[in-house]
Amino acid sequence: MWRISLCVLVVIPLLAQALEIENPYVRGLPPTQRNTAAFFTVHNASDKAVELKAGTSDAAERLEIHSHRHHDGMMMMQEEGSVTIGAGKSIVFSPGGYHLMLIDLTRPVRDGDEVSFSLVADDGEEIMVVAPVISVLKEAPSKHEHTEMHP
């Protein structure tokens, strides 16, 4: 019986590590701004698709996943209830593509600060992320401003 328990304890952390967040950062804007965005890449190393929803943050009243879409020749931001990352795939949250909006900031987010936020998987797992704040004036230009998923 203890061997079975030990196996279960070893497998649970492996499942939790199926999603990996890479290169997260929060856009630093002037202190008068009430909203900002977070960018990162999510890798799904599991053998099944995972649906992610916005969680919570220590710096904002609420989080929302947004995307940019072309509509009648104009670029428009649209809230997404969730985003699905296919098995073995990645999705990039970047300027001009999917991004995580931090709405109604509860404190200033200044260059060099850190912001915590979470994403929630369809199985209820909460993925905690700590991201540095990088001033919009220091952001590197995006090579690929897109919403594509990558293998």
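A residue is called buried when its relative accessible area is under 20%, exposed when that area is over 50%, and partly exposed in between. This tour applies those terms to a predicted model.

**Stop 1: the whole chain**

Begin with the entire protein in a cartoon view. The protein contains 1 helix and 11 strands, and along the sequence the helix comes before the strands, in the pattern α-β-β-β-β-β-β-β-β-β-β-β. Of its 151 residues, 38% are buried. Switching to a surface view displays an accessible surface of about 9,100 Å², and carbon and sulfur atoms account for 56% of that area. Among the contacts with a separation of 6 or more, 67% are between residues 24 or more positions apart.

**Stop 2: threonine 84**

Select threonine 84, which belongs to strand S6, residues 83-85. Its relative accessible area is 40%, a value that lies between the two limits, and threonine 84 is therefore partly exposed. Now add glutamate 51 to the selection. The two residues are 33 positions apart along the chain, yet their C-alpha atoms are separated by 4.2 Å.

**Stop 3: the nonpolar cores**

In soluble globular proteins, nonpolar side chains tend to be buried together. To view the largest nonpolar core here, select Phe40, Val42, Leu52, Phe93, Leu100 and Phe117; these have the most contacts inside a core of 28 residues. Next, center the view on phenylalanine 117. Leaving aside residues up to four places away in sequence, phenylalanine 117 touches several residues, including Val26, Phe40, Leu63, Leu100, Ile127 and Val129. Its contacts also include Thr56 and Ser57. A second core, separate from the largest one, has 5 residues, among them Ala37, Phe39, Met101 and Ile103.

**Stop 4: strand S4 and its two partners**

Select residues 60-71, which form strand S4, together with residues 99-105, which form strand S8. These strands run antiparallel and are joined by 6 bridges. Within this pairing, arginine 62 faces isoleucine 103 of S8.

Then add strand S5, residues 74-80, which pairs with S4 in the antiparallel sense over 7 bridges. Here isoleucine 65 stands opposite glutamate 80 of S5. S4 and S5 make a hairpin, with 2 residues between the strands. Aspartate 72 lies in that turn and has a positive phi of about 50 degrees.

**Stop 5: further residues with positive phi**

Most residues other than glycine have a negative phi. Select asparagine 23, whose phi is positive, near 55 degrees. Asparagine 23 is located in strand S1, residues 19-28. Is asparagine 23 buried or exposed? Its relative accessibility is 56%, so asparagine 23 counts as exposed.

Move next to aspartate 104, where phi is also positive, near 60 degrees. Aspartate 104 is part of strand S8. With a relative accessible area of 29%, aspartate 104 is partly exposed.

**Stop 6: the salt bridges**

Side chains of opposite charge can pair when their charged atoms come close. How many salt bridges does a search of the whole structure find? The search finds 3.

For one of these, display the side chains of aspartate 58 and arginine 107, which meet at 3.4 Å, N to O. Aspartate 58 sits in the loop between strand S3 and S4, and arginine 107 sits in the loop between S8 and strand S9; the pair links distant parts of the chain, 49 residues apart. Both ends are partly exposed, since aspartate 58 has a relative accessibility of 41% and arginine 107 one of 27%.

Return to arginine 62 for the next pair. Its side chain forms a salt bridge with that of glutamate 64 at 3.0 Å, N to O. Arginine 62 is partly exposed at 40% relative accessible area, whereas glutamate 64 is buried at 12%.

Finally, show aspartate 104 again. The side chains of aspartate 104 and arginine 62 meet in a salt bridge of 3.4 Å, N to O. This pair connects strand S8 with strand S4, across 42 residues of the chain. Through shared partners, salt bridges join Arg62, Glu64 and Asp104 into one network. To end the tour, keep Arg62, Glu64 and Asp104 selected and view this network against strands S4 and S8.

Methods: Residues are numbered from 1 along each chain as its sequence is written. This is a predicted model: local features need pLDDT of at least 70, side-chain atom pairs count only at pLDDT 80 or more; totals for chains, interfaces and linings use all residues. Side-chain values use heavy atoms; hydrogens and water are left out. A nonpolar core is a set of buried Ala, Val, Leu, Ile, Met, Phe, Trp, Tyr and Cys residues joined through side-chain atoms within 4.5 Å. Buried means under 20% relative accessible area, exposed over 50%, partly exposed in between (1.4 Å probe, protein chains only). Contact means heavy atoms within 4.5 Å. Helices (H or I, at least four residues) and strands (E, at least two) are DSSP runs, numbered from the N terminus. Accessible areas come from the Shrake-Rupley method with a 1.4 Å probe; for residues, only the protein chains shown count as cover. Two strands pair if DSSP finds at least two bridges between them. A salt bridge is a side-chain nitrogen of Lys or Arg within 4 Å of a carboxyl oxygen of Asp or Glu.
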